[in-house]
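Trainee: Could you walk me through this model before I start on my notes?
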Amino acid sequence: MGFRTDAYATVWEVQNKGNYHEARITIQRKNKSTGEYEQDFSGFVRMIGTAHTLADDIQPRDRIKLGSIDVTNKYDKDTKKTFTNFLCFSFEKVESYSSNKSEEYASDDDFSPF
């Protein structure tokens with residue numbers, strides 16, 4: 001699954017930084033071979049635009065469905081490092097899952113990425 005449009009994520013932390021929110025999220029998928037859920041993405045996402053407005057209403061452990069997103073990176077010649085930015089422009093708060101999606105999307109209730 002990974003970080004992509006329509007991916008389901010668990011929010012672990014969200015902070016209002018003024019012009020944007022920064023959220024720490026995880027995304028998991030079910031390994032069809034083992035039946036276990038594995039982490040596909042864990043990181044900080046900058047919520048801007050509509051997502052910034054909606055982020056005031058999310059709490060740690062809330063589930064969201066990512067909407068419009070973007071990934072950018074920038075190479076700094078002086079430090080010789082690449083910086084990757086994950087941006088979320090919109091999302092939906094997920095209240096519950098239908099039974100046919102329960103196997104496709106993991107519940108992170110017992111999962112802590114750190």
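What follows is a chat about the fold, the core, one residue in it, the salt bridges, the largest pocket and two backbone angles.

Mentor: Keep in mind from the start that this is a predicted model, and ask about whatever catches your eye.

Trainee: Okay, how many helices and strands does the protein chain have?

Mentor: The protein chain has one helix and seven strands, and read from the N terminus the elements follow the order β-β-β-α-β-β-β-β.

Trainee: And what share of the residues is buried?

Mentor: Of the 114 residues in the protein chain, 34% are buried. As for the contacts, if you take those with a separation of 6 or more, 61% are between residues 24 or more positions apart.

Trainee: Which residues in the largest nonpolar core touch the most other members?

Mentor: That core has 18 residues, and the ones touching the most other members are Phe3, Ile25, Met47, Ile64, Leu66 and Cys88. Two or more core residues come from each of strand S1 (8-16), strand S2 (21-30), strand S3 (37-47) and strand S4 (63-66). As background, nonpolar side chains in soluble globular proteins tend to be buried together.

Trainee: Let's stay with leucine 66 for a bit. Where is its place?

Mentor: Leucine 66 sits in strand S4.

Trainee: Why does leucine 66 count as buried?

Mentor: Leucine 66 counts as buried because its relative accessibility is 2%, and the cut-off for buried is under 20%.

Trainee: And what is leucine 66 in contact with, leaving aside neighbours within four places in sequence?

Mentor: With those neighbours left out, leucine 66 is in contact with Phe3, Arg4, Thr5, Asp6, Ala7, Ile27, Cys88, Ser90 and Phe91. Aspartate 6 deserves a second look in that list, since its C-alpha atom is separated by 5.0 Å from that of leucine 66, although the two residues are 60 residues apart along the chain.

Trainee: Aspartate 6, then. What is its phi?

Mentor: Aspartate 6 has a positive phi of about 70 degrees, although it is not a glycine. Aspartate 6 belongs to the segment before S1, and with a relative accessibility of 38% it counts as partly exposed.

Trainee: Which other residue should I look at for a positive phi?

Mentor: Look at lysine 80, which is also not a glycine and has a positive phi near 55 degrees. Lysine 80 is found in the loop between strand S5 (69-76) and S6, and its relative accessible area of 64% makes it exposed.

Trainee: Changing topic, how many salt bridges are there?

Mentor: The count comes to four salt bridges. One of them pairs arginine 24 with glutamate 13, whose closest N and O atoms are 3.4 Å apart. Since arginine 24 lies in strand S2 and glutamate 13 in strand S1, this pair ties together parts that are 11 residues apart in sequence.

Trainee: Is arginine 24 buried or exposed?

Mentor: Arginine 24 is buried, at a relative accessible area of 14%, whereas glutamate 13 is partly exposed, at 28%.

Trainee: What about arginine 29, which side chains does it meet in salt bridges?

Mentor: Arginine 29 meets glutamate 38 in a salt bridge with an N to O distance of 3.5 Å, and it meets aspartate 40 in another at 3.0 Å, N to O. The second of these pairs links distant parts of the chain, with arginine 29 in strand S2 and aspartate 40 in strand S3, 11 residues apart. Through shared partners, the salt bridges join Arg29, Glu38 and Asp40 into one network.

Trainee: How exposed are the members of that network?

Mentor: Arginine 29 is partly exposed, with a relative accessible area of 32%; glutamate 38 is partly exposed at 27%, and aspartate 40 is partly exposed at 29%.

Trainee: Last topic, the largest pocket. What lines it?

Mentor: The lining of the largest pocket is made of Glu22, Phe44, Val45, Arg46, Thr84, Asn85, Phe86 and Leu87, around a space of about 160 Å³. S3 and strand S6 (81-88) each supply at least two of the lining residues, and the largest share, four residues, comes from S6.

Trainee: How does the lining divide by residue type?

Mentor: The lining divides into four nonpolar, two polar and two charged residues.

Technical notes: Residues numbered from 1 in each chain as written. Predicted model: local features only at pLDDT ≥ 70, side-chain atom pairs only at ≥ 80, totals over all residues. Heavy atoms only, no water. Core = buried A, V, L, I, M, F, W, Y, C linked by side-chain atoms within 4.5 Å. Buried < 20%, exposed > 50% of the residue type's maximum accessible area, 1.4 Å probe, protein only. 1 Å grid on protein atoms, 1.4 Å probe; cavity = no way out; pocket = protein on both sides within 12 Å on 5 of 7 lines; lining within 4 Å. Points joined across faces, edges and corners; volume = space filled by probe spheres on them. Nonpolar A, V, L, I, M, F, W, Y, C, P; charged D, E, K, R; others polar. Contact = heavy atoms within 4.5 Å.
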